[in-house]
2 protein chains.
Amino acid sequence: MSKKNISLSVIKRLPKYYRYLESINEKGIIRVSSKELSEITGLTASQIRQDLNHFGCFGQQGYGYNVNELMDELSKIIGVDKSYNMVLIGYGNIGHALYKYKSFSDLGYEIKAVFDKNTDLKVKDGALEVKSIDLLEDYLKNEKIDIGIIATPKKVAQDVCDILCEGGVKGIWNFSPVDLKVKNGAVLESVHLDESLFTLTYFMNSPEDFIF
Amino acid sequence: MSKKNISLSVIKRLPKYYRYLESINEKGIIRVSSKELSEITGLTASQIRQDLNHFGCFGQQGYGYNVNELMDELSKIIGVDKSYNMVLIGYGNIGHALYKYKSFSDLGYEIKAVFDKNTDLKVKDGALEVKSIDLLEDYLKNEKIDIGIIATPKKVAQDVCDILCEGGVKGIWNFSPVDLKVKNGAVLESVHLDESLFTLTYFMNSPEDFIF
């Protein structure tokens, strides 16, 4: 099975498939056809089969996919079968919301430490204290951290990103409204709230322009 | 100028251009070439010219784009030149963070009311009170609301979405980890945090698979 040369759009759909499978698994559904997946996802059945074939996930003709097996396979591909140590930098409103977001920790993504410029902030309802951002570099020397979450103001985001990459972090999850440059082989995924809201407004003003 | 048949990927890049222009405008830069935009954005200069040409934004050969004019033009296309009344449904961690996120209100996106199942929650540092979700339907009959932000648990998200669409809301900005169906001509934009984190993990595990 080769995973090479898979387009970004296919990859972006994998978490979506995983989420759908989770939701039908919760309902006790054991098998699902690409046609059924198509009805839920709005993608065509042939698109779904093609996407999953990329990763060696083959359904059986007239029988469909075993939900549990497909979830297992996808979780390995996405990497949800492992656990991840994370640090959160920036404990403002977004940082606080991410810290409290339970779904991630249930899936093995654990925030081990929180850093901010303002160390008077306490992490509510938890044992963690907010550490000074000045301690981040040393912290990364002593701890194995996989993912750095950046939820700082944009003017310091690149500096924080540099410290994280130099400290051996392999993934940057960025919420600051700026495009960061990563190094040392780290990968970057950004959630740009402003871009998302602008995209919504664009379609509200010109819904007829939309083509897939 | 026709705006028809513009692909989603072009449209998704417009807010990005707008953000770049904002950042260089803040630095007092008056003109920018597609080559300079290319250096900042990582897109090719010809891609940028092609994208902007779709919308009738033409730079001058050897002279580039006037930053202010291009920002004005893009803000009209994206719809950032108007103001929007919003309601926020769900005042948990994500809802709270969105309510406090200043950048939106500075741009004319104003949260006029907050609704939750739990009306004991107070909106901190603000004059707004959290209204009962039962009052949403009536509220929408009396107020002109453009955008509904859904930050509820997933099991109630579709019901809330239905009430918003039936109440005449034109845009749904969804943070609940579920794919919603909109009606009455409303448009939907979702921020799926779980999918974003899974995408990051995928690339951390298989960075060599990535192609554009």
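**View 1. The buried residues of helix α4(A).** Val67(A), Leu70(A), Met71(A), Leu74(A), Ser75(A), Ile77(A) and Ile78(A) are the buried residues of α4(A); buried means under 20% relative accessible area, exposed over 50% and partly exposed in between, with a 1.4 Å probe and protein chains only. They sit on the same side of α4(A), because they cover an arc of only 160° around the axis, taken from the directions from the helix axis to the C-beta atoms. Flip to the other side of α4(A) and you find Glu69(A) and Lys76(A), both exposed.

This is a predicted model, where local features need pLDDT of at least 70, side-chain atom pairs count only at pLDDT 80 or more, and totals for chains, interfaces and linings use all residues. Residues are numbered from 1 along each chain as its sequence is written, chains are lettered from A and ligands numbered from 1 in the order in which they are written, and side-chain values use heavy atoms, leaving out hydrogens and water.

**View 2. What the buried residues of α4(A) pack against.** In chain A, the partners are α1 (8-26), β2 (31-32), α3 (45-53) and β3 (65-66). Chain B chips in with α9 (193-205). Contact here means heavy atoms within 4.5 Å.

**View 3. Helix α4 of chain A, end to end.** The helix runs over residues 67-78, and its end C-alpha atoms are 16 Å apart. That agrees with the expected 16 Å, because its 12 residues are reckoned at 1.5 Å a residue, the span being 1.5 Å times one less than the number of residues. Helices (H or I, at least four residues) and strands (E, at least two) are DSSP runs, numbered from the N terminus.
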